[in-house]
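Student: I have the sequence and the structure open side by side. Could we go through how each label is earned?

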Amino acid sequence: MKQFFGGIHPPENKISQHNSLEKIVLPQLVYLHLSQHTGKLAKPIVKQNDYVLIGQKVADYDGLISAAIHSPVSGKVLEFREILHPVIGKKSEAIVIENDGNNKTIDFKPKYKEYFRYDKVEIINAIKESGIVGLGGAMFPTHVKLSPKKEVEIVLLNGCECEPYLTCDDKLMQEHAREIVEGLKIIMYVLDAVRGIVVVEDNKKEAFKKMAGVVSRVPNVEIMSVKTKYPQGAEKQLIKTVLGKEIPSGGLPMDVGVVVQNVATSYAIYNAIINGIPLYERVITISGDVSRVGNFVVSIGTMVSDIIKKLNIGTSEINKIIFGGPMMGISVPTSEIPIIKGTSGILFIKDKIKDYSYGPCIRCCKCINVCPMRLMPNFLSIYTEYELWDKVKIFSPNDCIECGCCSYVCVSKRPIVNQIKFAKSKLRELK
Amino acid sequence: MEHNLVVSPAPHIKSKFSVSGMMLDTLIALVPAGVGAVIFFGYEAFLVILTSSVVAVLSEYFVNLLRKQKMTITDFSCIVTGVLLAYSLPSTTPLWMVAVGSFFAIVFGKMVFGGIGFNPFNPALVGRAFLQISFPKEIGSFVIDGITTATPLTIIKNKIGTNSVDIINLLIGNYASSLGETSVILLLLGYLYLVFRKHINLFVPIFYVLTVGIMSMIVSPENLAVYIFGGGLFLGAIFMATDPVTTPVSPKGKIIFAIGCGILTCVIRFWGSYPEGVCFSILLMNLLTPIIDNYTIVKKFGSVVNKKQEV
């Protein structure tokens, strides 16, 4: 099997891998951020004191790259408030809805059960109306990804989940293999793709078995087990491993005739097209140095503090909350932050690192040996430190996928990936 | 919990690698050669190693105090420098001379540039070159089994007879030479350890030795064994040409560096005035490191455009 260059093997820590999916009872209040996707903010279509039902659209896409948002509860729209956003890192507008506990849903009309009888544009539109975005973490609106400007022959279904701790995709594949593969068929139909490949890392034996069982009965779809290695799940590295093709620098998967979708996204597409249910809940992993861990189906907009209370998570010794995995996730300053569509996990960590100071680069080359984009992180780090932007440009910071392997291996504990992120934003400013 | 939440940039987990760990591994890799030195040259060898290391640590501590810096002696890099310097000296070097060399290596080879990570030259070799130029007589006299003799390389260089050391003894290390450079077998143990721990590039020592071997074969095939096994080649190739700070960073650059070292070593040995050229060749190549770095930028992912493949 082909391998991508570099990568690391951090401790897997998949503590919650044996916990079945559990639904968390709906919270009292949900906080729906208007920014739950890459692109323009969604525009609210409800007013204060409006009564909304489960699955009702409360905010609509605005412009080409944007996504709709649906209510996960039935109840009254309480207010529009600025609250902290887990990804942007500052306050952003959100719709606050009070749950009346009646669980009244809109009438889900599964209109496209026989999706292959409908026009592709119509199906893409249905996906757009369901507010589906990439659930692996990138949150790119799915309907845009499914309307590529180039011909696509292969769809890769990404079930790698290479981040330590996270097990939500693993569990989803084990319990909803049929639905996920059905979702893949819809994606393939929409894209006119001739080949679908489900890719699972070889540390998820159970998920592989379940998926392989379903895949064997579906024509044109195959399954592939790949080596467990971080960042195996990164789009470019995944394509390199599975197909041996390198996406040109600055390009997209469609440049090599491929579209990559996460298994959770595929599941959401299945729900939207076959059952008519829009995206208002998702599976997240709760894990870390706490006793209560697991994989939970939660409503989007649930506050982390509500989850802590509901699950009775002992957090007295916790000093770090991370949205996402430990390699690329974002640590947040408070638990008063709601879950958004791209949240794949919440980690509660007892962080033992006391000292965040770092030493000079000793040119040990460990970062060069692990960078999956074959960049030279050492030079990017040094030149960013000295603010020599012309030099930084030579080492193409914009090709960095921000996987964090360089920071992970650095012997001098330099925050290399953070410096590269800074260099990127600085270069954008200077342009 | 709320009040003591830490916010830090990703990634939130770090590997166990550290500078001190790396240096400790290098020291472990140097142990076999040190044991060999004491066996071949007696307890004087041990005294030289001890003096050199202790003075190296004290010198770095002294500069730290003087410049009111954070203490850097705990990263063990000064001990590596001290030990490497000792390994490149004859066992009969007066201890005060060893101390001067070690002080010079740390202060003028490393600390004046800003300490670890900023020195352009390998500090141990700076110390060694300083001693060789300042005290050529003492640094050039070697004793084995109580008898002063010339090193095999000097014998060949000055044509004062033929080399009397057979290849077995060259490999084991039982001949007149500097402390740590004699035994190829013991040095190779260190090489294997460093490669196993992934601290050095596997190919750098191989290319260095191969280059020297090929050039020696062309110029002087009858003394091939002495040129390869009889000097500081293996010590330099394994522990100095692989020094992270002073050598190029890209794999390609490292190979260019190794080949350059090999060529310069032979040029000095065959046509220069010194019998041994490892020390100066590595120092000269250190000088070229930034230029090599400039011309060997790694080709990034996706820069080689694919031919459209059939599915």
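**An open sheet in chain A**

Tutor: Happily! In this predicted model, chain A has an open sheet of 4 strands, in the order β2-β8-β7-β4, with antiparallel pairing.

Student: What makes β2 and β4 of chain A edge strands?

Tutor: Each of them, β2 (29-33) and β4 (51-52) of chain A, has a single partner strand, so one side of each is left without a neighbour in the sheet.

Student: How do you know that β2(A) and β8 of chain A are paired?

Tutor: Pairing asks for at least two bridges, and 5 bridges join β2(A) to β8 (residues 91-99) of chain A, running antiparallel. One residue to look at is H33(A), whose bridge partner in β8(A) is A94(A).

Student: How many bridges hold β4(A) to β7 of chain A?

Tutor: There are 2 bridges between β4(A) and β7 (residues 75-84) of chain A, in the antiparallel sense. The requirement is at least two, so the pair qualifies. V52(A) has G75(A) as its bridge partner in β7(A).

Student: And what joins β7(A) to β8(A)?

Tutor: They pair over 9 bridges, again antiparallel. K76(A) stands opposite E98(A) of β8(A). The two strands also form a hairpin with 6 residues between them, and in the turn G89(A) has a positive phi of about 90°.

Student: Why do strands of a sheet pair at all?

Tutor: Strands pair through backbone hydrogen bonds, in a parallel or antiparallel way.

**Chain A as a whole**

Student: What makes chain A as compact as a globular protein of its length?

Tutor: Chain A has 13 helices and 17 strands. Its radius of gyration is 21 Å, and the globule rule gives 22 Å for 431 residues; the two values are close, so chain A is as compact as a globular protein of that length. Along the principal axes, its C-alpha atoms fill a box of roughly 65 × 50 × 45 Å.

Student: What share of chain A counts as buried?

Tutor: For chain A, 58% of the 431 residues do; the cut-off is 20 or more other C-beta atoms within 10 Å. Among contacts in chain A with a separation of 6 or more, 72% come from residues 24 or more positions apart.

Student: Which residues have the most contacts inside the largest nonpolar core?

Tutor: That core has 220 residues, and the ones with the most contacts inside it are V155(A), L156(A), V198(A), V199(A) and M211(A). Apart from neighbours within four places in sequence, V199(A) is in contact with residues including L156(A), C160(A), M224(A) and V242(A).

**Domains of chain A**

Student: How do you know that domain 1 and domain 2 of chain A touch?

Tutor: The domain assignment of chain A gives domain 1 (24-108 + 278-349), domain 2 (116-275) and domain 3 (366-430). Between the first two of these, 31 residues of domain 1 are in contact with 27 residues of domain 2. On the domain 1 side, β6 (69-70), β13 (281-288) and β17 (345-349) of chain A each supply at least two residues, and β13(A) gives the most, with 6 residues. That side divides into 14 nonpolar, 15 polar and 2 charged residues. The centres of the two domains, over C-alpha atoms, are 24 Å apart.

**Chain B and its contact with chain A**

Student: What makes chain B as compact as a globular protein of its length?

Tutor: Chain B has 14 helices and 2 strands. Its radius of gyration of 21 Å is close to the 19 Å from the globule rule for 311 residues, so chain B is as compact as a globular protein of that length. Its C-alpha trace spans about 75 × 60 × 30 Å along the principal axes, and 49% of its residues count as buried.

Student: Why is G42(B) called partly exposed?

Tutor: G42(B) has 15 C-beta neighbours inside 10 Å. Buried needs 20 or more and exposed 12 or fewer, so G42(B) counts as partly exposed. It is found in the loop between α1 (19-41) and α2 (43-66) of chain B. G42(B) and S91(B) are 8.4 Å apart in space, C-alpha to C-alpha, and 49 residues apart in sequence.

Student: How many residues of chain A are in contact with chain B?

Tutor: 60 residues of chain A are in contact with 37 residues of chain B. The side of chain A that touches chain B divides into 31 nonpolar, 17 polar and 12 charged residues.

Conventions: Residues are numbered from 1 along each chain as its sequence is written. Chains are lettered from A and ligands numbered from 1 in the order in which they are written. This is a predicted model: local features need pLDDT of at least 70, side-chain atom pairs count only at pLDDT 80 or more; totals for chains, interfaces and linings use all residues. The radius of gyration is taken over C-alpha atoms; the globule rule is 2.2 Å times the number of residues to the power 0.38. A nonpolar core is a set of buried Ala, Val, Leu, Ile, Met, Phe, Trp, Tyr and Cys residues joined through C-beta atoms within 7 Å. Two residues are in contact if their C-beta atoms, placed from the backbone, lie within 7 Å. Ala, Val, Leu, Ile, Met, Phe, Trp, Tyr, Cys and Pro count as nonpolar, Asp, Glu, Lys and Arg as charged, and the others, Gly among them, as polar. Domain bounds come from an automatic or database domain assignment.
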